[in-house]
Amino acid sequence: MNIRDRVEKLRQLMKENQMHAYIVPSFDAHQSEYVAEHWKCRQWISGFTGSAGTVVITLEDAGLWTDGRYYIQAEKQLEGSEIRLFRMMEPGVPSYTEWLADVLKEGSNVGFDGNVFSIDMVKKMEKDLKAKGIELKMDKDLIGDLWEDRPEIPKGPIFTHDVKYAGKSRVEKLNEVRVEMKNKGANYYILTSLDDIAWLLNIRGADVPNNPIAIANVIVAEHKCYLFIDSCKVSPLIKLELEAEGIELKASAEIQTLLENLSEKDAVILDTNKTNIRLYNAINSNTKKIESPNITTKLKAIKNEVEIKNLKWCEIKDGLAMMKFIKWLKNSVDKTEISEIIAEERLEDFRREQEGFVGPSFDTIAGYKEHAAMMHYKANKETQHTLKNEGLFLIDSGGQYYDGTTDITRTIVLGRLSDEQKRDFTLVLKGFIALSSVKYLYGATGSNLDVLARQPIWQYGLDYKCGTGHGVGFFLNVHEGPQSIRNDNNNVILEKGMIITNEPGIYLEGKYGIRIENMMLVVEDEKTEFGQFMKFEAITYCPIDLAGINKEMLTESEKQWLNNYHQEVYTKLVPYLNEEERVWLKEETREI
């Protein structure tokens, strides 16, 4: 079936079930950003492959809502499908719930699979649709009824993430969680987000591409922890290890029974942004429900000293792979045919040479010329470019290592650039340096600092329609909250030990894209009578292409920052290089 046929088949099912609209989000039953193939329902019904977006089908119309990272990609992938693109957050564009409230008649209903909708999403829908008396029907997975060859829920084995990497045992982590539970007056804690579960129990899996996590749920009680997981995923040895530390394994479906059997004397904590509505509705109606962000989210966001030490070594290894790749690319681009996919594969080869490498941390974005203007571009054999010794090549990639997760972007100059390209490269660099070098008072959030990276770009009437930075997990998801740097109302304070990316960019549709990205560690600076000052420490070690810079646009302090950074890169990497590589890196990190 093509996309039009799938939409029509869905409409037939909607009529049979007396539904006037049906919503298909991007999430799985754990509200994950990246999901296993089994849950790629939105992709199946629309053809849009981005990681974020929601499709709404009515009996007469259809739309996809997605953010600025995917506008260009979505326009192309929706062509011929009759599904309209709604550019989220642009002026005058309604949310999908607002749109439904406008187009549906009074007394209509909206259907969806409650397993993949969070409590917060349902509450917002109820609020937006209340005025027209629109009913929610959340018990039907219509896509599952239509999708004949739908992949199974993954059943890959879990493995232990050694405490020599994690820095804390699962017993220590569970004790920290129970202290917070007691402080909040709860004796049960529902945990459904997969990276939180992996962090808490020091386990990892391979159920979601690029994310070392396993499909499971957890309930922490006062004296026991229940892990709801398919038994085939747990070896006898790991089962014994977990049970010895007070973790009882149960079948996945048993979580519903446990929640139903809670009493009026019990109090359960749950994150309404992460817990799906079906689990919420399973909780005994007499049980007290305490709505709170996941206890584990902040605990895992603040890296311990062992994690930080491991991650810095991990970043040196990753920097070596990136450096070797850039050297190879610049030396080879005019001598042999290199496509976007060949470049992507070659970089992964360099990473595989590094100790402890497990796999990529996300699908590599390897975009040449106008392809780089699509922020989350994925090269394919049919439309990929062959690189030439001219223009800009953007590569955004990362690695999963036992001792950390990396995320880095470099825009590489392959040859002659226009004045406009050099100007824009330099503007991105100026924003990047402004954020990298900021000193600020403790208490600031990423929302307070986002403007620093945008200001040089705004001066030329340009902007980028995405955030400036995100948290990064430790051998976990490459996108990790709660901290971020973006122009929204995120009120999470940047704490010592948090990891955050710095990745401003300029994206000109049909022309080129430029992004520079480092990972940074939040550290303390001086403390005065005015308070504790904070700063960022760059922990990504890879040269920034000097050939893209218009030096006249840089201030002396910006030049000094870049020179100091490049000296740090050289110092960190040079002990592991041969003579030819040392000479090359010395030139790439020369003072300007």
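The legends below describe close-up views of a predicted model.

**Figure 1. The second largest pocket and its lining.**
The second largest pocket encloses about 470 Å³ of space. Its lining consists of 24 residues. Ala29, His30, Ile153, Asn217 and Ser252 are the lining residues that lie nearest the centre of the pocket. Sorted by class, the lining of this pocket holds 10 nonpolar, 8 polar and 6 charged residues.

**Figure 2. The largest cavity and the residues around it.**
The model has 4 cavities of 30 Å³ or more, and the largest cavity has a volume of about 90 Å³. Tyr22, Ile23, Val24, Pro25, Phe27, Trp39 and Cys41 belong to its lining, together with Asp113, Val116, Asp141 and Ile143. Strand 1, residues 21-24, gives the most to this lining, with 3 residues. The class count for the largest cavity is 9 nonpolar, no polar and 2 charged residues.

**Figure 3. The contact of helix 14 with helix 19.**
Helix 14 spans residues 305-332 and helix 19 spans residues 579-588. Their axes come within 11 Å and cross at roughly 85 degrees. Helix 14 and helix 19 are therefore roughly perpendicular to each other. On the helix 14 side, the contact is made by Met323, Lys324, Ile326, Lys327 and Lys330. On the helix 19 side, it is made by Glu580, Glu581, Trp584, Leu585 and Glu588. The residues of this contact divide into 4 nonpolar, no polar and 6 charged.

**Figure 4. The open sheet of strands 16, 17 and 20, with helix 14.**
In this sheet, 3 strands are arranged in the order 16-17-20, with antiparallel pairing. Strand 16 (365-368) and strand 20 (408-413) are the edge strands, and each pairs on one side only. The twist from one strand to the next averages 10 degrees. Strand 16 is joined to strand 17, residues 392-397, by 4 bridges, and the two run antiparallel. Within this pairing, Ile365 has Asp396 of strand 17 as its bridge partner. Helix 14 lies across strand 17 and strand 20 and runs at about 20 degrees to strand 20.

**Figure 5. The open sheet of strands 21, 28, 27 and 24, with helix 14.**
Here 4 strands form an open sheet in the order 21-28-27-24, and the pairing is antiparallel. Strand 21 (439-441) and strand 24 (499-502) stand at the edges; each has a single partner strand, so one side of each has no neighbour in the sheet. Direction ignored, neighbouring strands of this sheet are turned by 45 degrees against each other on average. Strand 21 pairs with strand 28, residues 531-538, in the antiparallel sense over 3 bridges. Lys439 stands opposite Lys535 of strand 28. Helix 14 lies across strand 24, strand 27 (518-528) and strand 28, and it runs at about 135 degrees to strand 27.

**Figure 6. Backbone geometry at Pro482 and at Glu82.**
The peptide bond from Gly481 to Pro482 is cis, and its omega is near 5 degrees. Pro482 is part of strand 23, residues 480-485. Glu82 has a phi near 70 degrees, which is a positive value in a residue other than glycine. Glu82 lies in the loop between helix 3 (71-77) and strand 4 (84-87).

Technical notes. Residues numbered from 1 in each chain as written. Predicted model: local features only at pLDDT ≥ 70, side-chain atom pairs only at ≥ 80, totals over all residues. Heavy atoms only, no water. 1 Å grid on protein atoms, 1.4 Å probe; cavity = no way out; pocket = protein on both sides within 12 Å on 5 of 7 lines; lining within 4 Å. Points joined across faces, edges and corners; volume = space filled by probe spheres on them. Nonpolar A, V, L, I, M, F, W, Y, C, P; charged D, E, K, R; others polar. Axes fitted to C-alpha atoms, helices over the stretch in contact; angles between N-to-C directions. Parallel < 35°, antiparallel > 145°, perpendicular 65-115°, else oblique. Contact = heavy atoms within 4.5 Å. Pairing = 2+ DSSP bridges.
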